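Q: Please take a close look at a single part of this protein and describe its surroundings. After that, place that part within the whole.

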Amino acid sequence: PVEKPKKSAPGKVVLNYYKGGKAAVPFDHKAHTKAGSCKTCHHDERIGCSECHGTAAGDAPSLKTVFHDSCKGCHKGVVKDNPESTAPTKCDGCHK
């Protein structure tokens, strides 16, 4: 198979893939690239999250599940390792 070229990382984006009770999440993608390689968050760094993880039920976990498990889980680990960290771990820390 022919591999797609890697996309360049966007700057600040708004994660608003699913509708529901919580507000969208402003996300500074560039700032998060300092946390590690693309694969720290993306299992396939050539594509965006919504290309695998849609809002409808399917084989892959939903975006909501992925964001909550991966992002919130990482933030909790950061705070555990560094209690002075400002990484948000509560709903309103991300949903603004």
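A: His75 is found in helix 2, in a model that is predicted. Is His75 buried or exposed? His75 has a relative accessible area of 12%, and the cut-off for a buried residue is under 20%, so His75 counts as buried. Which residues does His75 touch, leaving aside those up to four places away in sequence? The residues are His32, Ala87, Pro88, Thr89 and Cys94. His32 comes before helix 2 in the sequence, which covers 63-81, while Ala87, Pro88, Thr89 and Cys94, also touched by His75, come after the end of that helix at 81.

Helix 2 also takes part in the largest nonpolar core. This core has 5 residues in all: Leu15, Val25, Phe27, Leu63 and Phe67. Two or more of the core residues come from helix 2 (63-81), and two or more come from strand 2 (25-28). His75 is not listed among the core residues.

For the whole protein, the count is 3 helices and 2 strands. Read from the N terminus on, the order of these elements is β-β-α-α-α. The protein has 96 residues, and buried residues make up 14% of them; His75 is one of the buried residues. Of the contacts with a separation of 6 or more, 41% are between residues 24 or more positions apart. The surface that the protein exposes is about 7300 Å², and 57% of that area is supplied by carbon and sulfur atoms.

Note on methods
Residues numbered from 1 in each chain as written. Predicted model: local features only at pLDDT ≥ 70, side-chain atom pairs only at ≥ 80, totals over all residues. Heavy atoms only, no water. Core = buried A, V, L, I, M, F, W, Y, C linked by side-chain atoms within 4.5 Å. Buried < 20%, exposed > 50% of the residue type's maximum accessible area, 1.4 Å probe, protein only. Helix = DSSP H or I, 4+ residues; strand = E, 2+ residues; numbered from the N terminus. Contact = heavy atoms within 4.5 Å. Areas by Shrake-Rupley, 256 points an atom, 1.4 Å probe, with all protein chains shown as cover.
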